[in-house]
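Let's take a walk through the charged pairs in this one. Keep the model open while you read.

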Amino acid sequence: LMKIFVIGVIFASAMIFSANCSASPITYLNSVVGNWYDTKGNLVLTISSDHKLNGMQVMNLNIDGDALVGIYEITYKDGNQNKFIEFWDLSSVNNSYKFLIMNPGKNNCYVLRKTKNPQYYESVGGIYLGMSESEVLRLYGTPSSKEHYNRFWTDWIWKYNNLGLEISVYGGIVTEITFYSNGDRKFDRTGVSARNSASEFARKYNARILQSNRGNGTAVQIGHGEAIILKNNSASLIIHQENTFAVW
């Protein structure tokens, strides 16, 4: 019997998962129909339109908690049950940043993505959002330090002090890239660095400047499911929602 493990889901539209939704809970699976791959491009999970997970027919979903972050109990046709946790909506409108979080909040947490190959727009010194931590280690080696950080979508922050570079990691992938003006890192596509002004960023990316909801930073919406947060001495590349500009 094939087992379905604990799953956290990042969906394209939180509206589908409103607690007031009158649809049957099983229809929540409709937004995650398709193939899901690990960071090496291996097919791990297939969710079909007839509500099968890896060929196992789902008969019912019982929700324990809020519809956005509730624990779901799946009942299969043969009577077996498994639980998974539905996660938050932080994905892009395209497939670039649609993820399933397997075993969220646990030591064996890992990420599945909607595309076989990584989809990203900008990068910093070859590091991109969604890159596997093993690939970062291959390119940059062991970081100066690894600090546990209990923030949503961040379990660890890897610091490369000699480069002025910090990488947020969750579930084995890069979820945020921050570099400082005292280092030598810059954005690969445009060549701008943390020493450039917000207006220079906007011009290079032909982008909008918005006020970030993270402290006193300035947000530059560069599209493709990505944004840049600028502060006095740093620049951060993050994932965001295209149509609402939700950042965390």
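**Following the salt bridges**

What you have here is a predicted model, so treat the distances below as computed values from that prediction. The structure holds 5 salt bridges, and we'll go through some of them. The basic idea is simple: side chains of opposite charge can pair when their charged atoms come close.

Start with D50 and K52, whose side chains meet in a salt bridge at 3.8 Å, N to O. How exposed are the two partners? D50 has a relative accessible area of 39%, so it counts as partly exposed. K52 comes out at 28%, which makes it partly exposed as well.

Now move along to D184 and R185. These two also form a salt bridge, and their closest N and O atoms are 2.9 Å apart. Is each partner buried or exposed, or something in between? D184 sits at 46% relative accessibility and is therefore partly exposed, whereas R185, at 16%, counts as buried, because the cut-off for that label is under 20%.

Elsewhere, salt bridges with shared partners tie E147, K159 and E166 into one network. Zoom in on one link of that network: the side chains of K159 and E166 meet at 3.9 Å, N to O. That still counts as a salt bridge because the limit is 4 Å. On the acidic side of this pair, E166 is buried, with a relative accessible area of 18%.

Notes
Residues are numbered from 1 along each chain as its sequence is written. This is a predicted model: local features need pLDDT of at least 70, side-chain atom pairs count only at pLDDT 80 or more; totals for chains, interfaces and linings use all residues. Side-chain values use heavy atoms; hydrogens and water are left out. Buried means under 20% relative accessible area, exposed over 50%, partly exposed in between (1.4 Å probe, protein chains only).
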